[in-house]
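The following exercises concern a single protein chain and are worked step by step. Please attempt each task with the sequence and the model at hand before reading its solution.

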Amino acid sequence: MIRFLVKKLLGLLAVLLAVSAVVYFLGRGVTPGDIGTFIVGVDGATPAQIAHVRHQLNLDKPIYEAYFIWLKDAGRLRLGKSPVSQLSVKSQLGQELPVSLELALLAVALTTLIGVPLGVIAATHSGKIWDSAIRVVLLSIFSVPVFVSGILFLFLGAKYLGYFYEATYVSLGKDIGRNLRCMTLPVVAIALPVSAFTMQMTRSAMLDALSEPHIQMAYAKGVKRWRIHYIHALKNALPTVLTLQGFLLGIFLGGLVLVENIFSLPGLGRGVLTAISQRDFQLLIPQVLVIAAFFVISNTAVEIIHPMIDKRVIRS
């Protein structure tokens, strides 16, 4: 286990180093125009003000030297301040991360609650009316883009579902009830389309599990069908579903830019979009690193849990 964790930690550090380099060099080397001039503003800005901002951001140094200076500070968790908002990068990450993390966890939980039972039902009724009905309905919902479902649920919330509609985000620490209400619509808007993917993966894994010899033996011995389906077969199908949900969790953390914008949620996805539009790379790089780190950590957690569920898996 220790060897496995050390291996994954080294992999995480390598991913973060590569991501930070890519974002930094793209931000400095590819972005058109002068970042210092953009931040200070063209109208009324003096050369001295622009030079001061460039010096603060190490824009007056060669790009490789500036990157290693930033990397040294980041290794000490000295992330500095955003040159645009003048707020601490740590404080902004501390505000954005809990929002995206809560949204991602709730969306994955609801996706699992919808997709897994329906996948089991579809698999155990393969080729029958229930199988066709579930697949047609969910795959039709899956074809609807997330931004369309988000706008639709926002409209329904504002006009008909006022109890679940909040014009502004309410944090979990401030009011749990209002927080869950304001999270309900965005979570449903995300989970409904994606639950079709979970259902399809569960169905495929269940069909494979149901064809295994020990499951056929259980049928022959007269074991109750619900026990075969929801205990023996589902246990064998869970690793595939777990891998998918871990992948979705990593994607959801920073990949829900449109949903966060539609529902005015101050999360990482929305923060990344704002930082890009403002060329605030002092904030953007840590935001992207947090998303990348969470993606690796969530998939590492799946790899740790996987052998606990399926004893046939041998972890190297």
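**Exercise 1. Locate Ser264 and describe its backbone and exposure.**

Step 1. Ser264 is found in the loop between helix 11 (257-262) and helix 12 (268-277). Helices (H or I, at least four residues) and strands (E, at least two) are DSSP runs, numbered from the N terminus.

Step 2. The model is a predicted one, in which local features need pLDDT of at least 70 and side-chain atom pairs count only at pLDDT 80 or more, whereas totals for chains, interfaces and linings use all residues. Residues are numbered from 1 along each chain as its sequence is written, and side-chain values use heavy atoms, with hydrogens and water left out.

Step 3. The phi angle of Ser264 is near 55 degrees, a positive value in a residue other than glycine. For comparison, most residues other than glycine have a negative phi.

Step 4. With a relative accessible area of 30%, Ser264 is partly exposed. The classes are buried for under 20% relative accessible area, exposed for over 50%, and partly exposed in between (1.4 Å probe, protein chains only).

**Exercise 2. State the secondary structure and the overall burial of the chain.**

Step 1. The chain holds 13 helices and zero strands.

Step 2. Of its 316 residues, 39% count as buried.

Step 3. The accessible surface comes to about 17000 Å², and 69% of this belongs to carbon and sulfur atoms. Such areas come from the Shrake-Rupley method with a 1.4 Å probe; for residues, only the protein chains shown count as cover.

Step 4. Among contacts with a separation of 6 or more, 73% are between residues 24 or more positions apart. Contact means heavy atoms within 4.5 Å.

**Exercise 3. Describe how helix 7 packs against helix 8.**

Step 1. Two packed helices are described by the angle between their axes and the distance between the axes.

Step 2. Helix 7 (residues 146-159) and helix 8 (residues 176-210) have axes 9 Å apart, at an angle of about 140 degrees. Axes are lines fitted to C-alpha atoms, for helices over the stretch in contact, and angles run from 0 to 180 degrees between N-to-C directions.

Step 3. Helix 7 is therefore oblique to helix 8. Angles under 35 degrees count as roughly parallel, over 145 as roughly antiparallel, 65 to 115 as roughly perpendicular and the rest as oblique.

Step 4. Helix 7 contributes Val146, Ser149, Gly150, Phe153 and Gly157 to the contact, and helix 8 contributes Leu185, Val188, Ala189, Leu192 and Pro193.

Step 5. By class, this contact of helix 7 with helix 8 has seven nonpolar, three polar and no charged residues. Ala, Val, Leu, Ile, Met, Phe, Trp, Tyr, Cys and Pro count as nonpolar, Asp, Glu, Lys and Arg as charged, and the others, Gly among them, as polar.

**Exercise 4. Which residues of helix 5 meet helix 6, and which meet helix 12?**

Step 1. The axes of helix 5 (residues 89-124) and helix 6 (residues 129-142) come within 8 Å and cross at roughly 140 degrees. Helix 5 is therefore oblique to helix 6.

Step 2. Here Leu118, Ile121 and Ala122 of helix 5 meet Asp131, Ile134 and Leu138 of helix 6. The contact of helix 5 with helix 6 has five nonpolar, no polar and one charged residues.

Step 3. Helix 5 and helix 12 pack at about 135 degrees, with their axes 8 Å apart, and are therefore oblique to each other.

Step 4. In this pair, Leu93, Glu96, Leu97 and Ser100 of helix 5 meet Leu268, Gly269 and Gly271 of helix 12. The contact of helix 5 with helix 12 has three nonpolar, three polar and one charged residues.

**Exercise 5. Is Thr198 buried or exposed, and which residues is Thr198 in contact with?**

Step 1. Thr198 has its place in helix 8.

Step 2. Its relative accessible area is 0%, so Thr198 is buried.

Step 3. Leaving aside neighbours within four places in sequence, Thr198 is in contact with Thr111, Gly115, Val116, Val241, Leu244, Gln245 and Leu248.

**Exercise 6. Characterise Leu77 and Ser88.**

Step 1. Leu77 lies in the loop between helix 4 (63-75) and helix 5, and Ser88 is also found in the loop between helix 4 and helix 5.

Step 2. Leu77 has a phi near 60 degrees, a positive value in a residue other than glycine. Leu77 counts as exposed because its relative accessibility is 55%.

Step 3. Ser88 is partly exposed, with a relative accessible area of 31%. Leaving aside neighbours within four places in sequence, Ser88 is in contact with Gly80 and Lys81.
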